[in-house]
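User: I am new to this structure and would like a close look at one part of it. Please keep the sentences short.

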Amino acid sequence: MIAATGIDLRLGAVDVLAGAQLCTRPGQVVGLIGPNGSGKSSLLRCLYGMLRPNRGAVLIGGEAIESLSQRSIARAVAVVAQDTSADGIGITVGEFVLLGRHIHRGDHQGFTDHDRRVALDALALVDLSGFAERSLHELSGGERQRVMIARCIAQQSPVMLLDEPTNHLDVRYQHETLMLVRSLEIDSIVVLHDLNLAGRYCDHLALLDRGTVVHQGPPENVLRSDVLEPVYGIEVRRLADGQHTYLAFGPPSL
Amino acid sequence: MSAQHEAATADRAQSASSAGWDWSRRSTLIGLALVSVVSMIVAIGLGPVWVTPPTVLRIIGHHTIGVPEIASWARTDDAIIWEVRLPRVLLGVIVGSALGVVGVTLQALVRNPLAEPYILGVSSGASAGAAAAILFGVGSELGAESVSSMAFLGALGALAIVLALARSTGRITPSRMLVAGGAVSYLLSATTSLLILFADSTEGARAVMFWLLGSLANADWSTLPIGYFGMGVGMVLVFWWRRRLDLLALGEDTAMASGVDPGRTRLILVVVVALCVGFAVSLSGGIGFVGLAAPHIARRIVGPIHRHLIPASAALGALILVWADVAARMALQPRELPIGVVTGVLGAPVLVALVRKLPHNS
């Protein structure tokens, strides 16, 4: 369980977060939504120690993040970040997923057969059995994102944070990726831009505006025109087809 | 056959195939180590006086494990092998290995395939220190090894400045390291040029130039243990943190989320590799290309995982430098070429060939 309360973050001369709060929910997918520049990724990065807030508390399993080593933080939290550095180095899918086991071994220790088994199981879970020898840069965007999630599964941390995992994916892969996240039933926080995807795959939403979480709750309570219009500055309409509710967006209200 | 059984069979096949791949890389590493050892023995025998490999081995055996002296080798052969060529090749092996390992480490730390041992500005510090010693006798109270000692002090000074600059605004990031290293490098290269200008000595300028381009000619038994200890410890420390390098190469956030603090790891490894470079440059001058070419060739042979990449790059660095030294001392006999000229001439086409084979999206 991760809980962040009263987070203030200043980067350079910019106040990025102002009293933001967010926490995981047992077995649920929490969606973190908000306009560009509202501080979504920054808040997420505070949760795994990449950014240190100027004020406020991040608690991991009830302990202050400052009191934990980076290794202890990683034992509690796995992250699908927006890093793309791995793509160009020629690493194989198997090697990449196996690196998720780092926190379970000392720096000098090699990976064991158990680690290899866990990595292969993680690949099987994301439906990529047989991909271990493939180069990461050969994969499609959707396959690549599933590999990123497989590495987190292999890490076996009880919480998963995902920073815009559907970026650059076509609509089919966007749905597949989020269906996969949901099927894992791990406490997760997902930063998302697409409000319809957020509504469909998240159990709980937190709406961030200028560094502050302005609304939290079940999707039907947050994805309302009276909540979204002042934050995004556009017209929002809800459409229903009997099974699902969709949001349609009008031009910016100038 | 049930679906579960099929999946288990596929997994076992995959495990076996992974193990096979791992074994092939291990075999490659063993092969590289063997080629390096054979190269050393052949290289020791090569020179104006040719000594056969069996004789080389007997002479080394005679001095180390008491193999009895036999009449088949002359006293001069013994002196050439034991006093001149063996220390020279041993220095080439440790300096080449260290440059290879430092190159691999820095390429992971700054996530830039063009990173090489001299980007930290440490070699420019060493050069300025050596130039001050050669041209103005600075540090002459340090004794016979005043040039090496001053070079090492210069390297330490440069490292201190780079770290102070790179850390002045918080965590050490790849770009801060590159910019700080570049700034210090320019400043200290200018200092070396000024020293040469003010010394107004053609002979001194030639000596500094030869030193700047690197040479193994100053190898002797008195300085080898220091070099082996300094660079050996550095390489062991880098290998100890091999998986941290794998994770750093994946990006800051991924490393952090995998339990590796990029700032702290980078700081410690930069100090370790900078000291390695300090030892290497102080003993053999500024030998270029080895630290850039060896990691690239190694990566093509054993892949990007540092467990294999570090030893492969060390072996290739040693191989390149030992053979470059053979070329340097034999190409224009009796004159000796600076080794940096040889590594430059040989290294450039190798790198061009490697660049042409890089995947389009890397």
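Is B:Leu194 buried, partly exposed or exposed, and what is its relative accessible area? Please also describe its surroundings, then move on to chain A.

Analyst: A word of caution comes before the details: this is a predicted model.

B:Leu194 is partly exposed. Its relative accessible area is 43%. That value lies between the two limits, because buried means under 20% and exposed means over 50%.

Now the surroundings. B:Leu194 sits in helix 6 of chain B. That helix covers residues 174-199. B:Leu194 is also one of the residues that make a nonpolar patch on the surface. Its partners there are B:Phe136, B:Val138, B:Leu197 and B:Phe198. The patch has an area of about 530 Å². Helix 6 of chain B gives the largest share of the patch, with 3 residues.

Next, chain A. It holds 9 helices and 12 strands. Its radius of gyration is 19 Å, and the globule rule gives 18 Å for 254 residues, so chain A is as compact as a globular protein of that length. Along the principal axes, the C-alpha atoms fill a box of roughly 60 × 45 × 30 Å. Of the 254 residues in chain A, 54% are buried. The accessible surface of chain A is about 10,800 Å². Carbon and sulfur atoms account for 49% of that surface. Contacts in chain A can also be sorted by distance along the sequence. Among those with a separation of 6 or more, 61% join residues 24 or more positions apart.

A:Gly142 gives a buried counterpart to look at. Its relative accessibility is 1%, so A:Gly142 counts as buried. A:Gly142 lies in helix 5 of chain A, residues 141-155. Beyond its neighbours within four places in sequence, A:Gly142 is in contact with A:Leu169 and A:Tyr173. A:His168 is 26 residues from A:Gly142 along the chain, and their C-alpha atoms are 9.1 Å apart.

Chain A also has an open sheet. It is formed by 4 strands in the order 2-1-4-5, with antiparallel pairing. Strand 2 (14-23) and strand 5 (63-64) are the edge strands, and each pairs on one side only. Strand 5 pairs with strand 4, residues 55-60, in the antiparallel sense. There are 2 bridges between strands 4 and 5 of chain A. At one bridge, A:Glu63 in strand 5 is the partner of A:Ile60.

Back to the opening question: B:Leu194 is partly exposed at 43%, and it belongs to the nonpolar surface patch.

Definitions and conventions. Residues are numbered from 1 along each chain as its sequence is written. Chains are lettered from A and ligands numbered from 1 in the order in which they are written. This is a predicted model: local features need pLDDT of at least 70, side-chain atom pairs count only at pLDDT 80 or more; totals for chains, interfaces and linings use all residues. Side-chain values use heavy atoms; hydrogens and water are left out. Two strands pair if DSSP finds at least two bridges between them. Patches are made of residues with over 30% relative accessible area and no salt bridge: like charges are joined within 9 Å, nonpolar side chains (Val, Leu, Ile, Met, Phe, Trp, Tyr) within 5 Å. Accessible areas come from the Shrake-Rupley method with a 1.4 Å probe; for residues, only the protein chains shown count as cover. A salt bridge is a side-chain nitrogen of Lys or Arg within 4 Å of a carboxyl oxygen of Asp or Glu. Buried means under 20% relative accessible area, exposed over 50%, partly exposed in between (1.4 Å probe, protein chains only). The radius of gyration is taken over C-alpha atoms; the globule rule is 2.2 Å times the number of residues to the power 0.38. Contact means heavy atoms within 4.5 Å.
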